[in-house]
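Visitor: Could you walk me through this structure, one question at a time? I have it open beside me.

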Amino acid sequence: MQDVTIYITDREGEKHTVLAPTDMAMNLMEVVRTYELAPEGTIGVCGGMAMCASCQCYVTSDHKINAMEDEEDAMLSEAFNVKENSRLSCQIPITEALNELEIELAPDV
Amino acid sequence: MIKTDILIIGAGPTGLFTVFEAGLLKLKCHLIDALPQPGGQCSELYPKKPIYDIPGFPEILAGDLTSNLLQQGKQFQPGFTLGERAETIEKQEDGSFIVTTNKGTQHHAPIVAIAGGLGSFEPRKPKLDNIEKYEDKGVAYFIKDPEVYRDKKVVIAGGGDSALDWSIFLADVAEEVTLVHRRNEFRGALDSVERAQELKLINKINIITPAEITALHGDEKIEGVSITKDGQTERIDADAFIPLFGLSPKLGPIGDWGLEIEKNAIKVDTLDYQTNIPGIYAIGDVNTYEGKLKLILCGFHEATLMCQSAYKRLNPGKKFVLKYTTVSGIDGFDGTRKESPKAVVKAIV
């Protein structure tokens with residue numbers, strides 16, 4: 001299994017290039033936390049259950065990613081700063097299809 | 001003034017288990033929590049989610065874990081200050097502490113154990129100009145007393161259970177209830193959604209979707225709100241605006257207590273999970289140290305060690321002997337006693 005490259009723009013606008021493993025059942029929120037690209041306590045607050053929207057991100061590249069399930073969709077309907085390309089990063093598993101994915105972290109609320 | 005041996009800030013799983021461990025050492029506990037019910041995240045965020053890594057429980061719902069922990073600690077008669085946030089701490093001359101909540105309730109204890117998880121749950125406030133100006137002047141994030149809204153025009157925003165349930169409840173109290181949600185779909189219990197639908201059909205609730213509140217109006221207090229739908233903005237009269245967008249945890253005032261903070265968590269010594277202020281401990285998700293794992297089971301371990309340290313601190317001269325519940329049983333503060341039944345010794349003839 002290959003690692004994939006992900007481009008993550010943090011909340012201060014700084015762009016980071018990180019490597020994420022595809023064989024550790026990780027999701028995108030966990031990758032952001034692993035690389036400490038957002039302060040602890042401001043991301044993945046619910047642990048990754050699509051229940052808090054603290055890991056909201058905007059997908060800015062043209063990747064085909066897993067479709068949104070009802071829980072994620074419902075949470076985003078109540079979140080702030082939601083855009084067309086909003087996703088909860090905890091609901092995006094890291095797969096090889098995500099190589100060179102580009103995301104921006106949504107503001108902390 | 002409430003007096004206790006260990007004042008626990010945060011009534012999540014770690015705080016609740018502390019009651020039990022402290023009780024075995026004959027120390028009494030009182031818990032403060034910003035939420036109106038004990039259980040922390042487990043009961044507030046995900047009571048129906050199964051947890052698979054609690055030792056001895058192949059699977060347990062978060063809400064059931066909370067109930068079990070309450071049951072386990074019940075005999076030690078913990079006190080609770082719920083729905084109040086620990087605001088300030090003052091060290092007394094004798095080394096004890098007085099902790100005061102945002103509602104002015106005072107607690108006095110020689111030991112403070114912060115088990116605050118990710119912080120106290122605060123309402124998520126929509127980004128609207130001047131919303132702070134209208135707080136308590138028509139804008140509320142919780143409904144404490146529904147009677148306040150009798151014969152008033154109320155606008156509720158949100159798409160979850162609380163927005164639906166309060167809209168339904170206030171339909172019989174308020175003069176007019178308008179529920180505004182960004183989507184057409186609501187996320188709530190099926191019967192709530194159906195009830196709201198019925199009330200809409202008989203004009204007891206106005207439901208406006210997909211729409212958003214985009215401005216608040218009024219001189220001294222809320223007099224109206226702007227609702228934007230399909231790019232069109234309309235102003236309606238309102239006496240109250242209640243945004244119900246859920247809660248998010250904030251470390252809050254504890255961050256200003258002079259404790260050493262790192263990565264939004266309180267640094268502790270892993271010897272006994274004491275902070276840089278002697279007598280104040282931090283356990284569970286709220287603390288940090290090298291190798292920290294934010295797991296409930298680690299919180300239980302930290303609570304246990306912390307109680308031993310607190311006991312030694314309160315009883316400096318006493319020799320301490322570790323007791324096993326299988327051997328010593330449990331003497332509750334309520335007069336109950338639990339012990340393992342004696343084996344039957346009898347000759348078989």
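Visitor: Which residue of S23(B) does B:Ile266 stand opposite?
Guide: Happy to help, and please note that this is a predicted model, where local features need pLDDT of at least 70, side-chain atom pairs count only at pLDDT 80 or more, and totals for chains, interfaces and linings use all residues. Residues are numbered from 1 along each chain as its sequence is written, while chains are lettered from A and ligands numbered from 1 in the order in which they are written. Strand S21 (residues 265–267) of chain B is joined to S23(B) by 2 bridges, and the two run parallel. Across from B:Ile266 in S23(B) is B:Asn287.

Visitor: Which strands stand at the edges of the sheet S20-S21-S23 (chain B)?
Guide: Strands (E, at least two residues) are DSSP runs, as are helices (H or I, at least four), and both are numbered from the N terminus. Two strands pair if DSSP finds at least two bridges between them. This open sheet has 3 strands with mixed pairing. Two of them have a single partner strand each, so one side of each is left without a neighbour in the sheet: strand S20 (261–262) and strand S23 (287–288) of chain B.

Visitor: In S9(B), what is the bridge partner of B:Lys3?
Guide: Here we turn to an open sheet of 4 strands, in the order S1-S9-S8-S7 (chain B). S1(B) and strand S9 (residues 106–109) of chain B run parallel, joined by 2 bridges. The partner of B:Lys3 there is B:His108.

Visitor: How many residues of H1(B) are buried?
Guide: A residue is buried if 20 or more other C-beta atoms lie within 10 Å of its own, exposed if 12 or fewer, and partly exposed in between, with C-beta atoms placed from the backbone. The covering of H1(B) includes strand S2 (6–9), helix H3 (62–74) and helix H6 (296–314) of chain B. B:Phe17 and B:Phe20 are among the buried residues. The helix is mostly covered, and its buried count is 11 of 12.

Visitor: Which element gives the largest share of the largest nonpolar core?
Guide: A nonpolar core is a set of buried Ala, Val, Leu, Ile, Met, Phe, Trp, Tyr and Cys residues joined through C-beta atoms within 7 Å. The largest has 46 residues, and B:Ile6 and B:Ile114 are among those with the most contacts inside it. Its largest share, 7 residues, comes from H6(B).

How values were computed
Two residues are in contact if their C-beta atoms, placed from the backbone, lie within 7 Å.
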